[in-house]
Amino acid sequence: MNIINDSRYFKDHQLEELMYLFSEEVRESNLCIYILKDDDGFQDVPLHIDVTERFHSKIQRTIEGTYSEAFCLYPENMIFLIEERLLRHSSDWNEFYANIAFLLAHELRHFQQSYFLEDRIFIMLQDYNLDYVTELLNGQIDCDGLHWSEQDAYTYSLWFVTEHKGAIIEIFQLDDWLFFFGCHIEVNYEKEWKRYKRTLTFVDQVIWTIKDLFWQRKRLA
């Protein structure tokens, strides 16, 4: 894992200490995390890989069409957290610093999903609702109404901040603790994949059934 920190407020040592709360497998993965000041940071900070114009278009579509302060891109294995957005949606500095732990855990879980499911993830995200945050805030849906990928990510991120509460308070010198939104829904990736596979054409089902015979099912702890 590599962290490129272009933040105004998060210190390198804070982010490094936070990352050590995750498993060794995650820390040794090829994931790259960018902490950017604002949306313009995509132009200001050079990426660690050579990317195509199509990738930059993908980034632009993502930041224009999402409410989120952070997002994960696959197969590039990159997480972006936009500091200005996080600050805008935080009521005070305490919430601002606490939320980075929750958000990075959330996006790391999305990375873990794609790492395990590989290219199956593209089929399993075709019914993803980009506007789900607005619906959550308006009370139109709750955990049960979320996409499986978000149910899993919110469940994991809530577990993470609860499990490492003391360490997170110490790392960011918090004087209060937050109520974090989270789910308590255990998601079985293979069961979800079988559900999606049944919706494919007969030919595609046969193709994926053959591919599944050689599926290594790599999981990050």
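A salt bridge is defined here as a side-chain nitrogen of Lys or Arg within 4 Å of a carboxyl oxygen of Asp or Glu. Arg-217 and Glu-190 form such a pair, with their closest N and O atoms 2.9 Å apart. Arg-217 lies in the segment after helix 12 and Glu-190 in helix 11 (residues 189–197), so the pair ties together parts that are 27 residues apart in sequence. The model is predicted: local features need pLDDT of at least 70, side-chain atom pairs count only at pLDDT 80 or more, and totals for chains, interfaces and linings use all residues. Residues are numbered from 1 along each chain as its sequence is written, and side-chain values use heavy atoms, with hydrogens and water left out.

The chain holds 12 helices and four strands. These elements are DSSP runs numbered from the N terminus (helices: H or I, at least four residues; strands: E, at least two). Of the 221 residues, 48% count as buried. Buried means under 20% relative accessible area, exposed means over 50%, and partly exposed lies in between (1.4 Å probe, protein chains only). The chain exposes about 12100 Å², and carbon and sulfur atoms supply 49% of this area. Accessible areas come from the Shrake-Rupley method with a 1.4 Å probe; for residues, only the protein chains shown count as cover. Contacts (heavy atoms within 4.5 Å) were also sorted by sequence separation. Among those between residues at least 6 apart in sequence, 68% join residues at least 24 apart.

Side chains of opposite charge can pair when their charged atoms come close. The salt-bridge count comes to 10. In the bridge described above, Arg-217 is partly exposed, at 32% relative accessibility. Glu-190 is also partly exposed, at 26%. Another bridge joins Glu-118 and Lys-218, at 4.0 Å from N to O. Glu-118 lies in the loop between helix 6 (93–117) and helix 7 (120–124), and Lys-218 in the segment after helix 12 (202–213), so this pair ties together parts that are 100 residues apart in sequence. Glu-118 is partly exposed at 24% relative accessibility, and Lys-218 is partly exposed at 32%. Both residues belong to a network of salt bridges that links Glu-118, Arg-120, Lys-197, Asp-212 and Lys-218.

A further bridge pairs Arg-8 with Asp-38, with the closest N and O atoms 3.9 Å apart. Arg-8 sits in the loop between strand 1 (2–5) and helix 1 (12–19), and Asp-38 in the loop between strand 2 (32–36) and helix 3 (41–44), so the pair ties together parts that are 30 residues apart in sequence. Arg-8 is partly exposed, at 44% relative accessibility. Asp-38 is buried, at 16%.

Arg-8 also appears beside Glu-83, a residue of helix 5 (residues 83–88). Glu-83 is buried yet has no salt bridge. Arg-8 is its nearest side chain of opposite charge, 4.0 Å away. For this purpose Lys and Arg count as positive and Asp and Glu as negative, while His and the chain ends are not counted. The backbone nitrogen of Arg-8 lies 3.0 Å from a polar atom of the Glu-83 side chain. Beyond neighbours within four places in sequence, Glu-83 is in contact with Ser-7, Arg-8, Tyr-9, Phe-10, Leu-36, Lys-37 and Phe-96.

Phe-10 is also part of the largest nonpolar core, which has 44 residues. A nonpolar core is a set of buried Ala, Val, Leu, Ile, Met, Phe, Trp, Tyr and Cys residues joined through side-chain atoms within 4.5 Å. Phe-10, Leu-18, Ile-100, Phe-160, Ile-168 and Phe-172 touch the most other members. Elements giving two or more residues to this core are helix 1, strand 2, strand 4 (78–82), helix 6, helix 8 (132–137), helix 9 (148–163) and helix 10 (165–172). Helix 6 gives the most, with 11 residues. Not counting residues up to four places away in sequence, Phe-160 touches Leu-18, Leu-21, Phe-22, Ala-101, Ala-105 and Ile-168. A second, separate core of 14 residues includes Leu-117, Ile-123, Val-187 and Tyr-189.

Gln-112 lies in helix 6. Gln-112 is buried, with a relative accessible area of 5%. Outside its neighbours within four places in sequence, Gln-112 is in contact with Val-26, Tyr-156, Leu-220 and Ala-221. Tyr-156 is 30 residues from Glu-186 in sequence and 9.1 Å away in space, C-alpha to C-alpha. Glu-186 is placed in the loop between helix 10 and helix 11. Glu-186 is exposed, with a relative accessible area of 80%.

Terms used. A polar contact is a pair of N or O atoms within 3.5 Å; within protein, one must be able to donate a hydrogen and the other to accept it, and residues adjacent in sequence count only if both atoms are side-chain atoms.
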